[in-house]
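Biologist: Could you pull up the model so that we can go through it together?
Modeller: Here it comes, and then please ask whatever you like.
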Amino acid sequence: MNTLTETSLLAGRNLRRFLRSPQLIADSVTFPLILLFVMLLVFGELVGGVTRGAYIDRLAPVIVLFSAAYGAVGTGVGFFTDLRGGIVDRFRVMDIGRLSVLTGRIAGDLVRVLLVAVVTTAVAHLAGFRFTQGPPAVVGFFGVVLLFAWIFLWPAMVAAMSASSEQAVSGALNTPITLLLFLSSGFVPAEQFPGWLQPVVRANPLSLAGDALVGLSRGGPVAGPVLFTLAWAAVATVIFVPLAVRLYRRR
């Protein structure tokens with residue numbers, strides 16, 4: 001089999017494991033939805049008064065992005081379990097390409113991210129979120145979500161191959177993801193942060209991708225935020241993909 005076929009088969013395996021586990025589905029969907037409605041309840045009127053448009057128009061895209069980043073924790077823990085459980089050693093016996101094992105995990109989890117993003121967006125629709133820019137913008141919206149997820153999935157693979165326990169994997173990923181969430185312009189506009197912190201908030205990939213999603217759903221700048229998100233994805237690719245391949249070959 002070639003690499004593309006192997007990647008497809010392994011991605012399907014990972015996706016089936018996800019769909020057959022009610023606990024994994026609940027973990028992936030429940031927390032972002034709880035966060036969506038809690039933030040809407042707490043900050044809706046307060047922040048809505050200082051932003052253009054309804055607060056849900058900005059909050060929903062950021063929650064979708066957070067669910068994508070948060071899903072990387074599951075990627076890391078899941079791959080760590082595969083490594084320690086012996087399934088990866090069986091893949092080697094079956095003469096499956098080493099790169100296919102990594103890309104299969106990433107591809108399957110990208111599909112999972114897309115499914116969770118669709119569900120989260122559908123629920124946000126009940127709270128008033130709307131797409132107003134046409135079908136191509138909807139496709140672009142979910143494309144940016146996948147691009148953003150790519151930034152976090154490869155570091156998750158590196159964490160899985162570097163850590164000594166599942167707790168270490170989740171700890172290495174949860175902290176930066178949580179910081180990115182609260183240091184983004186998703187909950188409150190960047191202008192509301194202290195002046196010295198605003199450059200950090202504006203350069204945050206979650207803020208940039210969030211701006212792109214707002215532009216694609218409600219209207220506003222798209223090209224700039226998408227290009228900066230692409231730049232973050234390129235940096236993550238250059239740093240973490242070769243590192244992940246190198247770590248995997250050493251095992």
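Modeller: What follows goes from the overall fold to two residues of one helix, and please keep in mind that this is a predicted model.

Biologist: How many helices and strands are there in the protein?
Modeller: There are ten helices and zero strands, so that the pattern along the sequence reads α-α-α-α-α-α-α-α-α-α, on the run-based assignment of helices and strands.

Biologist: And what about the radius of gyration, for 251 residues?
Modeller: The protein has a radius of gyration of 18 Å, which agrees with the value near 18 Å that a compact globule of 251 residues would have. Along the principal axes, the C-alpha atoms fill a box of roughly 60 × 35 × 30 Å.

Biologist: What share of the residues is buried?
Modeller: Of the 251 residues, 49% count as buried, while the area that the protein exposes comes to about 11,800 Å², with 68% of it supplied by carbon and sulfur atoms.

Biologist: Which share of the contacts joins residues at least 24 apart?
Modeller: If you take contacts between residues at least 6 apart in sequence, 77% of them join residues at least 24 apart.

Biologist: Switching to charge, how many positive and negative side chains are there?
Modeller: The protein carries 19 positive and 11 negative side chains, and the centres of these two sets lie 6 Å apart.

Biologist: Now for a single residue: where is Thr229 found?
Modeller: Thr229 is found in helix H10, which covers residues 223-250.

Biologist: Is Thr229 buried or exposed?
Modeller: Thr229 is buried, because its relative accessible area is 1%, and the cut-off for buried is under 20%.

Biologist: What lies 2.8 Å from a polar atom of its side chain, then?
Modeller: That is the backbone oxygen of Pro225, at 2.8 Å from a polar atom of the Thr229 side chain. Once neighbours within four places in sequence are left aside, Thr229 is in contact with Leu147, Ile151, Leu208 and Ala209.

Biologist: What about Val241, which helix does that one lie in?
Modeller: Val241 lies in helix H10, and at 18% relative accessibility it counts as buried, since the limit is under 20%.

Biologist: Which residues does Val241 touch?
Modeller: Not counting residues up to four places away in sequence, Val241 touches Trp150, Trp154 and Ala236.

Biologist: And how are Val241 and Asn174 separated?
Modeller: Val241 and Asn174 are 67 residues apart along the chain, and their C-alpha atoms are separated by 20 Å.

Technical notes:
Residues numbered from 1 in each chain as written. Predicted model: local features only at pLDDT ≥ 70, side-chain atom pairs only at ≥ 80, totals over all residues. Heavy atoms only, no water. Helix = DSSP H or I, 4+ residues; strand = E, 2+ residues; numbered from the N terminus. Rg over C-alpha atoms; globule rule 2.2 N^0.38 Å. Buried < 20%, exposed > 50% of the residue type's maximum accessible area, 1.4 Å probe, protein only. Contact = heavy atoms within 4.5 Å. Areas by Shrake-Rupley, 256 points an atom, 1.4 Å probe, with all protein chains shown as cover. Lys, Arg positive; Asp, Glu negative; His and termini not counted. Charge placed at Lys NZ, Arg CZ, Asp CG, Glu CD. Polar contact = N/O pair within 3.5 Å; in protein donor to acceptor, adjacent residues only side chain to side chain.
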